[in-house]
Every structure is written in C-alpha cells, then in structure tokens.
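Please open the model in a viewer and keep the sequence panel in sight. The stops below are given in the order in which they may be selected.

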Amino acid sequence: MKILITGGSSGLGKAIVNNLSLNKDYKIYYTYNSNKSNELSLEKSNSNTKAYFCDFTNEDSVNELCNKLSKLDIDVLINNAYVGKALNNSFIKTKAIDYQESFLYNILPTIKITQEAIKIFKIKKFGKIINILSSYILNAPPLGTSIYVANKAYLLELSKVWSKELNKFNITSNSISPDLMITNLTNDIDERIIEQITKAHPYNKLLDTTEVADVVEFLIKSSQQINGVNIPINAGQEIL
C-alpha cells in the first residue's frame with residue numbers, strides 16, 4: 001500500500017511516518033518544508049520512506065507536488081500539514097487578512113492535493129483520505145485559536161462532503177481530532193498552562209503523538225465501511 005502524508009518530517013507527522021514505516025508492506029511518501037535534517041534522518045532510518053519538498057505557502061511548490069502524484073500511485077492520503085501555530089491572538093485582535101492568508105496556505109493546498117489524489121483513487125476504485133483535525137473543534141476552543149479552529153472546522157466539513165460524494169467509488173474520507181500534544185505547533189504555549197491542562201487531564205498526562213499514529217494506522221487497515229467519521233482522541237473529555 002502506498003501512502004502520502006503531508007507535513008511528515010516533524011511532530012505528529014514524523015510519528016505517523018515512523019509508525020507506518022514499521023510495516024514493510026507500506027511505501028510511505030511524505031512532504032517536508034523547513035525540516036531538511038529530519039527529512040534526511042527519516043529516509044536513512046526507514047528504507048520504505050521517500051521525502052518530497054513542498055512549501056504550502058508557495059503555489060508553484062504545491063502544483064509541483066500535485067504533478068508528481070499520478071506517478072506515486074498512492075492508495076492513502078493523510079492531510080496533516082499545517083502552516084502556522086495553534087495559538088495566536090484573540091479574535092478581536094486578529095486582522096481579517098490573517099484569516100485569508102491562513103486559508104490560502106492551509107486549505108487551498110489541501111484541496112489541490114486531495115483533488116489529485118481522488119483522480120488516482122477513482123481509477124483504482126479504492127482510496128482512503130484521512131484528515132488530521134483537532135479536539136478544539138468539538139466544543140468551546142481555547143482563547144486565541146480562532147484561525148486554527150476555523151481551518152480545522154472547514155476541513156471537517158470538506159471531509160464530510162468527500163465521504164458522501166466518493167463512497168460510490170469505494171473511496172473513504174475520515175478525520176481524527178486529537179487533543180493537545182507538545183509539537184512544533186504548540187511548543188510556544190506557556191508552561192504554566194501546560195501544567196494546568198496536564199493536572200486536569202483524566203490520566204494526568206498529555207496525549208502522545210504515537211497514540212495518534214496508532215489511530216491513523218487503524219483507519220488505514222479498517223474496512224471501507226468506516227466512512228465519514230471523525231474520531232476524537234481526548235480521553236472522553238469532549239464527546240461527539
């Protein structure tokens with residue numbers, strides 16, 4: 001099975017690549033942007049992985065990746081890449097243009113890549129789309145996350161559309177909404193806030209990226225009957 005994961009050289013993406021690479025029946029392609037050293041280390045340690053540069057803030061770079069997809073002949077697309085941080089300013093202090101820019105750098109590249117993947121899946125009459133979202137979209141999100149939550153909520157609704165439109169082609173679209181993890185996306189959150197969240201957690205520990213990677217593999221291995229779902233990974237703190 002051939003798998004493409006966007007943003008696979010660091011954080012959650014790296015954990016997913018490392019986990020999937022243990023199965024030598026998988027061929028894993030992943031994109032990187034600024035983490036050149038991580039990209040090299042992943043390829044050296046995992047013979048069944050291959051990295052491709054893709055800068056989501058550069059339209060030509062995204063188009064170049066899209067042009068390569070037909071040759072990769074993927075079976076699974078994992079939409080994981082995100083440009084920016086989870087925590088920014090409050091809504092009232094955020095400029096309207098910042099929402100437009102974030103949409104341009106996150107949602108539009110994801111749409112383009114997914115459209116190209118779907119073309120491949122329709123020919124195969126098989127395919128899986130897995131979207132990495134956030135538990136922040138389940139109920140009241142933390143202060144300062146309006147841009148991040150808006151993007152993830154948009155992708156959730158797209159995922160629902162894909163699951164409905166594509167099921168007749170044996171293509172599924174599912175999402176995963178993990179709780180807070182310490183990655184490049186969240187490493188600027190105040191340590192005191194992290195400590196409070198950890199103490200309030202039912203297990204007194206934050207979610208680990210490897211735990212999310214396990215759920216990604218579950219969806220890869222699962223029946224095509226599992227379609228159109230969003231799986232929260234949050235110890236039951238927010239229930240759909």
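The tour begins with the sheet and then turns to side-chain contacts.

This is a predicted model, in which local features need pLDDT of at least 70 and side-chain atom pairs count only at pLDDT 80 or more, while totals for chains, interfaces and linings use all residues. Residues are numbered from 1 along each chain as its sequence is written, and side-chain values use heavy atoms, with hydrogens and water left out.

**The sheet**

Select the strands first. Helices (H or I, at least four residues) and strands (E, at least two) are DSSP runs numbered from the N terminus, and two strands pair if DSSP finds at least two bridges between them. Seven strands form an open sheet with parallel pairing, in the order β3-β2-β1-β4-β5-β6-β7. At the edges stand β3 and β7 (230–233), each with a single partner strand, so one side of each has no neighbour in the sheet. From one strand to the next, the twist averages 20 degrees; the axes behind such angles are lines fitted to C-alpha atoms, for helices over the stretch in contact, and angles run from 0 to 180 degrees between N-to-C directions.

**Strand β2 and its partners**

Next, select residues 27–32, which make up strand β2. Is this strand mostly covered or mostly uncovered? Five of its six residues are buried, where buried means under 20% relative accessible area, exposed over 50%, and partly exposed in between (1.4 Å probe, protein chains only).

Add strand β1 (residues 2–5), which runs parallel to β2 and is joined to it by four bridges. Within this pairing, L4 has Y29 as its bridge partner in β2. The chain passes from β1 through helix α1 (residues 11–21) to β2 in a right-handed β-α-β crossover; right-handed means that, with the strands pointing away from the viewer, the path from the first strand over the helix to the second runs clockwise. Elsewhere along β2, I28 is the residue opposite I3.

Now add strand β3 (residues 49–53), which is parallel to β2 and joined to it by five bridges. Here A51 in β3 stands opposite Y30.

**Aromatic rings**

Show the side chains of Y82 and Y148. Rings of Phe, Tyr and Trp (its six-membered ring) pair if their centres lie within 6.5 Å; planes under 30 degrees apart count as stacked, over 60 as edge-to-face and the rest as tilted. The whole structure holds six aromatic pairs. One of them joins Y82 and Y148 edge-to-face, with 5.0 Å centre to centre and 85 degrees between the planes. This pair links distant parts of the chain, 66 residues apart: Y82 lies in the loop between β4 (76–79) and α4 (96–124), and Y148 in helix α5 (residues 146–166). Y82 counts as buried at 18% relative accessibility, as does Y148 at 7%. Add Y136 to the selection: ring pairs link Y82, Y136 and Y148 into a cluster.

Then go to F169, where the charged end of K122 sits over the ring, 4.5 Å from its centre. A charge sits over a ring if NZ of Lys or CZ of Arg is within 6 Å of the ring centre and within 35 degrees of the ring normal.

**Salt bridges**

How many salt bridges are there? The count comes to eight, a salt bridge being a side-chain nitrogen of Lys or Arg within 4 Å of a carboxyl oxygen of Asp or Glu.

Select E59 and K112, whose side chains form a salt bridge at 3.2 Å, N to O. The two residues are 53 residues apart, E59 in helix α3 (residues 59–72) and K112 in helix α4. E59 is exposed, at 53% relative accessibility, whereas K112 is partly exposed, at 27%.

Move to D73 and K124, which form a salt bridge with their closest N and O atoms 3.3 Å apart. D73 lies in the loop between α3 and β4 and K124 in helix α4, so this pair ties together parts 51 residues apart in sequence. D73 is partly exposed, at 29% relative accessibility, and K124 is partly exposed, also at 29%.

For the last stop, select E116 and K119, which meet in a salt bridge (3.0 Å, N to O). E116 and K119 are three residues apart in helix α4, and therefore separated by about one helical turn. E116 counts as partly exposed, at 23% relative accessibility. Finally, add D75 to D73 and K124: salt bridges that share partners join these three residues into one network.
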